[in-house]
Amino acid sequence: MTRFSKLIIVLVLTVLNFLAGAQNSSSEKLVVFTSRDYCVSGDTVWFKVWQPKTLEKFGNVARVQLFSIRNNVIKSVAGKIENGWAEGYLHVPDSLSTGQYFVSAFLNNRDYPGSDVTESVGLLVYNRFNNKVESIETITDESKIKFSDFSEKIKISTEKAEFRPREKVLAQISIPENFDFESAVIKAKLVDPLAEELGGSFLANTKTREGSIPGFTENNGLLCSGRVFDVSGNAKPGVLVFATISADMHYFDYYLTGKNGDFHFFLKDASGVANMVLQVVSESNEKFVIRAEENCIVGDFRGEIGKKELTKTQSGFIAKAVDAGFYQKMFYPIATVTTAGFSMPPKFETPFYGTPSLRVVPDEFIDLPDFREISRELLPGLQYRLKNNEITFRLINDSRRDYFNDEPLRLINGIPVFKNSQFAALKSTNIKYIDMVKSERIFGDLKFNGILSVELYDKTNLWVTRQPEMVQLTVNCLQPALSKSSSQKNFPQNMPDMRQSFFWEIAGKTNTEFEFYLSDVKGRVEISVEGISLDKKHFKSSRIIEVN
Amino acid sequence: MKRWKTYLIAIAGFLAMHVTQAQKSGLYWNNLNENSNRLNGKLRGEVYYLSPLANEKFFFQQEWAKAKIELTDGDIVENVDVRYLELGDELVAYNENIRTLFKVEKETVKGFSFKIKNSDTEIKFIRICTDQSKKSCRFYRVLDAGNAKLLAFHFVEEKKVNPYMDKYGLMRDFEYRHVVDYFVFDTGGELKKIQKKRRSLLKSYPENRKEIKKTLAGNKIFIRDENSLIQAFKVLDEANLLKH
C-alpha cells in the first residue's frame, strides 16, 4: 500500500470518526437538562443549563426556549450562568396542544465553532383539557443523541425496589474515586412510557431567527431588540429611538436604527419583567410601527416529522397524568412559581442627566395648582411661556448667564416628553420633586440644552397610554434566581399530592446520599444521573423503583 | 381548523405591532451614526468650552491622547481623546461625532489611562474618594502600585507675582503654576500626604522609622525628586514597611 493511499485511509477514518462522534458529542455547546421529559399544559418545567468553560467568553446569559416541532417558539426566558450553571423554569401555557416540543439553550453571541448545531431536549406536552390521546406527531430518531449507559460506573441504590405512595425514599449514588465528569444532574421523576420511547436529546442545525440581532456578548444583562417600520411595512433606518424604563434610577438610552430598521438596548443586571417605553424621534410627522423582535433560534432537525400511534399503556398514562394535573389545579390553584417584580440596579449613583443644579421638592412649599405657578414660584431659571396655546420652556445656562436658545430635555418619570402640554396640569400634590440641570449635557452623541425632570408620586405611568407617540413594551429580562425546591414539602394528609417530579439537583462528584418523598401518584419512578463525560459525551445511569 | 389558526396568528401578529407617531424633538441629532450606538453604555458629562488660556496652562498634557476609561460599572470605553484638566480636577474628552468637548461625569469614572505621544509609558489615573461627600473625590496619578499605592495629585494654583505684561498684552500680577502633591494610599484605605523628602516618610510611619532608614540607606536611595521617591516607595513597599 503506498504512503498516499494510507494517508487517504487515515483521513477518511478521521472524518468518519468525527461524524460518528458528532452524534454523541456535546463539545462547544450549552447542555440543557430538564426536570421532566413530559408535562401537562399549565405545568412548570424546571431546567438547568450547563456552560462549558470554553464558552465563558461568549457571555454568561443562557437563553432558553420552548418550541414546537415546527419551530414555533412557545416560551422564551433568559437566565444568568453562575459557576457554569443557569437554573430556571418554563411555565408551559395552559392552552398548549398535545405534542412533542423541545427545550433548547443558546448564547446570544454564537460566534464560536459548533454554534450552528444545537442540542434540544424533548418535552412531551399533554393538553390538560384532553385526556384521550391516541396518536402524537413526533420527530424520527435520526437526530437523537445516544446516551452512554454508565449504570456500571455510577451506581444508584435504594433500600428497596417497591414503595408505597407518600413514602420516603433514601437513595445513594456511588461514584468511583477515579471517575470524573464535566457536569451531571440527579433527578427522580415518574416514568412516562411514551417519553421513554420518544424523549431524549436531539441535534439540530440552528440559526438565529432574526438576522438583524447582533451577536453581542451578553454578560450580566439582556439584549432587547426591535424594528421600526413605516406604515407601508418598509424598514426605517436612521431614525432615533428612545427607550426608558421607570425605576428608582430611571434607565434611559437611545439607538439610531440600522439598515433593517433595527434597534437594540442592552439591559444590564435587569431581572424580572420590565415595562419599557419607546419613542421614535424623527423630523417629520410620519407614523411608524415599532415591533419587538424575539431573540430565538430556529432548528432544522435531521429527522423527519411523523405520526406515532400510542399503545394502551401509553394512552393510559397520559390520561392519568392529565387527571392528576386536574386535581393539582383544583386543590392548589395558585401557581407555585410567581413572576418577580422588575429589578435593575442603577449603573451609577447619579441619574443619566447628571447631578442636578437644583432639586425642588414642592411638598416643602405651599400647594400650587398648575405647572405655570410652580415654575414661577419654585423654579428659578426656568421660563414658562404660553403663546398661541403653546407652552415653551427655556432654561438658564448657568455658565453663560443667559438662556438657552432651545428647550431643555423634558422628562416625566424619566420618560422624555416633547409635548409641553403634558406639564400644564401638573400640580404640587402630583410632584415628588423637580430636577433642573442648568448646563449643556452630553449623553453619548446627544447634546441637551439643560434638563427639566419631573418626578411624580404616581409611578404607574398610565398617562403614557394616552400618548400616541409612545409605545409600551413588556420585556422579560433575566429570570430572577430561583431553583426548584428539592426538599419535599410533606403535603397535608387530607390533600392530594399529585407531584410527578420528586428530586432535581446538580450532581456532586463524590458519593451522595439524598432523600425525597413520593406523591400519591403510582407508577414507575426513575432515579437517574445524567450528564456529560470528560470526553464530551452524554451519559446516563438510572434505577427504577415501583410505587404501588 | 388550520385556516382558523392562520387567522388567529395574523390577528395576534397585528396586535403585537405597535403603531406610533414620530415627533419633533427639538434635539440636534444629525451627526448620529452607527458609531453612536454603543450597547454597553454611553459616556456622559457636561459640555466644556476650551479657552486659549486653559489650553495653554490648565491641562496635564499639551496634546490629546487616546485613553481607556474605566467606569464604575465595570464598562471600559477605549480610544477616547482625553486631556486631564488640572484646574478643577476633571477629565475632558472629545466626542468626534458631534465635535464637542465635555467633562466626563466624575462620579461615573473609576480611572483612566493613556500614553503620551512618542512615549511608551502609560499614565494611569484613578479616582479616590476620602469620604462620602462627592467633593472629596479626586483623580490621582498612579506612580507606583504595589501593596500600597504612590499617588500624585496634580493641580494648578494661582500665585501672586510682580506685575507683568503677558503675551496677550494684558497686565497681570499672578501666574498659574502646576503643583504636584504626593500621597500614599495604603492597604487600609487611608490616604496620607507625603513630600519628596526622607523626613516626610519617617514622620508618616514612625513605628517603622529605623527600618525605613536602614532600607533606604542600604539601597543608597536619596529622595530628591519624583523618580527617587518612586524608587524609595517601591523598595519600602516590597519590604512591607508602609503600614502601621
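In this predicted model, the second largest cavity encloses about 60 Å³ of space. The structure holds two cavities of 30 Å³ or more, and the largest cavity contains about 350 Å³. This briefing covers both cavities and then a pair of helices in chain B that pack at an angle of about 125°.

**The second largest cavity**

- The lining of the second largest cavity consists of Lys29(A), Leu30(A), Ala105(A), Phe106(A), Leu107(A), Arg110(A), Tyr112(A), Ser115(A), Val117(A), Thr118(A) and Glu119(A).
- At least two lining residues come from each of two elements of chain A, strand E7 (99-106) and strand E8 (117-126).
- E8(A) provides the largest share of this lining, with three residues.
- Sorted by class, the residues around the second largest cavity are six nonpolar, two polar and three charged.

**The largest cavity**

- The space in the largest cavity amounts to about 350 Å³.
- This cavity is lined by 25 residues, and those closest to its centre are Tyr251(A), Phe252(A), Lys347(A), Phe348(A) and Arg44(B).
- The elements that contribute two or more residues to this lining are strand E18 (251-256) and strand E19 (262-268), both of chain A.
- The lining of the largest cavity comprises 14 nonpolar, four polar and seven charged residues.

**Helix packing in chain B**

- Helix H4 (residues 209-218) and helix H5 (residues 226-238) of chain B pack with their axes 10 Å apart, at an angle of about 125°.
- An angle over 115 degrees that does not exceed 145 counts as oblique, and H4(B) and H5(B) are therefore oblique to each other.
- The crossing in which H4(B) passes H5(B) is right-handed.
- On the H4(B) side, the contact involves Ile212(B), Thr215(B) and Leu216(B), which meet Ala232(B), Val235(B) and Leu236(B) in H5(B).
- The residues of this contact between H4(B) and H5(B) are five nonpolar and one polar, with no charged residue.

Notes:
Residues numbered from 1 in each chain as written. Chains lettered and ligands numbered in written order. Predicted model: local features only at pLDDT ≥ 70, side-chain atom pairs only at ≥ 80, totals over all residues. Heavy atoms only, no water. 1 Å grid on protein atoms, 1.4 Å probe; cavity = no way out; pocket = protein on both sides within 12 Å on 5 of 7 lines; lining within 4 Å. Points joined across faces, edges and corners; volume = space filled by probe spheres on them. Helix = DSSP H or I, 4+ residues; strand = E, 2+ residues; numbered from the N terminus. Nonpolar A, V, L, I, M, F, W, Y, C, P; charged D, E, K, R; others polar. Axes fitted to C-alpha atoms, helices over the stretch in contact; angles between N-to-C directions. Parallel < 35°, antiparallel > 145°, perpendicular 65-115°, else oblique. Left-handed = near helix turned anticlockwise from the far one by under 90°. Contact = heavy atoms within 4.5 Å.
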